Amino acid sequence: MKIWVDADACPNVIKEILFRAANRVAIPVTLVANHFVRVPLSPHIKSIQVESGFDVADNYIVQQAEAGDLVITADIPLADELITKGAHALNPRGELYTKDTIKQRLQMRDFMETMRSSGVQTGGPAPLNQTDRQNFANKLDAMLAKYHKK
């Protein structure tokens, strides 16, 4: 298993959790973004800068990720593509997207986009809080524990 990170919008606190996990269990973590992302010196952590452009980083992750890999992303269409490919998708709030939940999340995303397009102010997601960080860390640890049992 490898961990891929949709790093353009990934909160720094989540990156720090991933960096500690990468070194703790010696698992490869790759951050992909269309801008430079600083990562600590580690044989397990690297950063890849792709060209700027719509979905360039997402497309790179889809091309590189394999079945069983874990991708950290809040991008629901990206998560859908990854799940179809057999990878796992976990958002920075600790929600694991599954075949059962991703279609509902896509529908809600599309509904909210329609609302915004018609002029309704929907606001954005709430700021990441301590509970979100803890949920993410717990879900990541559970997934890494399953991986190491194999």
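## A six-strand sheet, its helices and two cores

The sheet here is open and has six strands in the order β3-β2-β1-β4-β5-β6, with mixed pairing. Keep in mind that this is a predicted model. β3 and β6 (96–97) sit at the edges, and each has a single partner strand, so one side of each has no neighbour in the sheet. Moving inward, β1 and β2 run parallel and are joined by four bridges. Within that part of the sheet, Ile3 stands opposite Val29 in β2.

Now for the helices on the sheet. α1 lies across β1, β2, β3 and β4, and its direction is at about 150 degrees to β2. α2 packs on the sheet too, where it touches β1, β2, β3 and β4, and its direction makes about 165 degrees with that of β1.

What about the nonpolar side chains? As a general point, in soluble globular proteins nonpolar side chains tend to be buried together. The largest nonpolar core in this model has 24 residues, and those touching the most other members are Ile3, Val5, Leu18, Leu31, Ile72, Phe136 and Leu140. Two or more residues each come from β1 (3–6), α1, β2, β4 (70–72) and α5 (130–149). The biggest giver is α1, with six residues. Leu18 is a good place to start looking: leaving out residues up to four places away in sequence, Leu18 touches Ile3, Val5, Val29, Ile72, Phe136 and Leu140. There is also a second, separate core of 12 residues, and Val32, Ile48, Val62 and Val71 are among them.

Val62 turns up again where two helices meet. α2 and helix α3 (residues 76–85) pack with their axes 10 Å apart and at an angle of about 10 degrees. Angles under 35 degrees count as roughly parallel, so α2 is roughly parallel to α3. On the α2 side the contact is made by Asp58, Ile61, Val62, Gln63 and Gln64, and on the α3 side by Leu78, Glu81, Leu82 and Lys85. By type, the residues of this contact split into four nonpolar, two polar and three charged.

One of those contact residues deserves a second look. Is Asp58 buried or exposed? Asp58 is buried, because its relative accessible area is 10% and the cut-off for buried is under 20%. Asp58 lies in helix α2 (residues 56–64). Setting aside neighbours within four places in sequence, Asp58 is in contact with Asp6, Asp75 and Leu78. If you plan to look at the side chains around Asp58, note that two of these names, Asp6 and Asp75, are also Asp.

Finally, a word on the backbone. Most residues other than glycine have a negative phi. Ala26 and Asp55 have positive values, as the table shows.

| Residue | Phi | Loop | Relative accessibility |
|---|---|---|---|
| Ala26 | near 55 degrees | between α1 (12–25) and β2 (29–33) | 46%, partly exposed |
| Asp55 | about 65 degrees | between β3 (45–49) and α2 | 31%, partly exposed |

Ala26 counts as partly exposed because its relative accessibility is 46%, and Asp55 gets that label at 31%. Both are loop residues: Ala26 is found between α1 and β2, whereas Asp55 lies between β3 and α2.

Methods: Residues are numbered from 1 along each chain as its sequence is written. This is a predicted model: local features need pLDDT of at least 70, side-chain atom pairs count only at pLDDT 80 or more; totals for chains, interfaces and linings use all residues. Side-chain values use heavy atoms; hydrogens and water are left out. Buried means under 20% relative accessible area, exposed over 50%, partly exposed in between (1.4 Å probe, protein chains only). Contact means heavy atoms within 4.5 Å. A nonpolar core is a set of buried Ala, Val, Leu, Ile, Met, Phe, Trp, Tyr and Cys residues joined through side-chain atoms within 4.5 Å. Axes are lines fitted to C-alpha atoms, for helices over the stretch in contact, and angles run from 0 to 180 degrees between N-to-C directions. Angles under 35 degrees count as roughly parallel, over 145 as roughly antiparallel, 65 to 115 as roughly perpendicular and the rest as oblique. Ala, Val, Leu, Ile, Met, Phe, Trp, Tyr, Cys and Pro count as nonpolar, Asp, Glu, Lys and Arg as charged, and the others, Gly among them, as polar. Two strands pair if DSSP finds at least two bridges between them.
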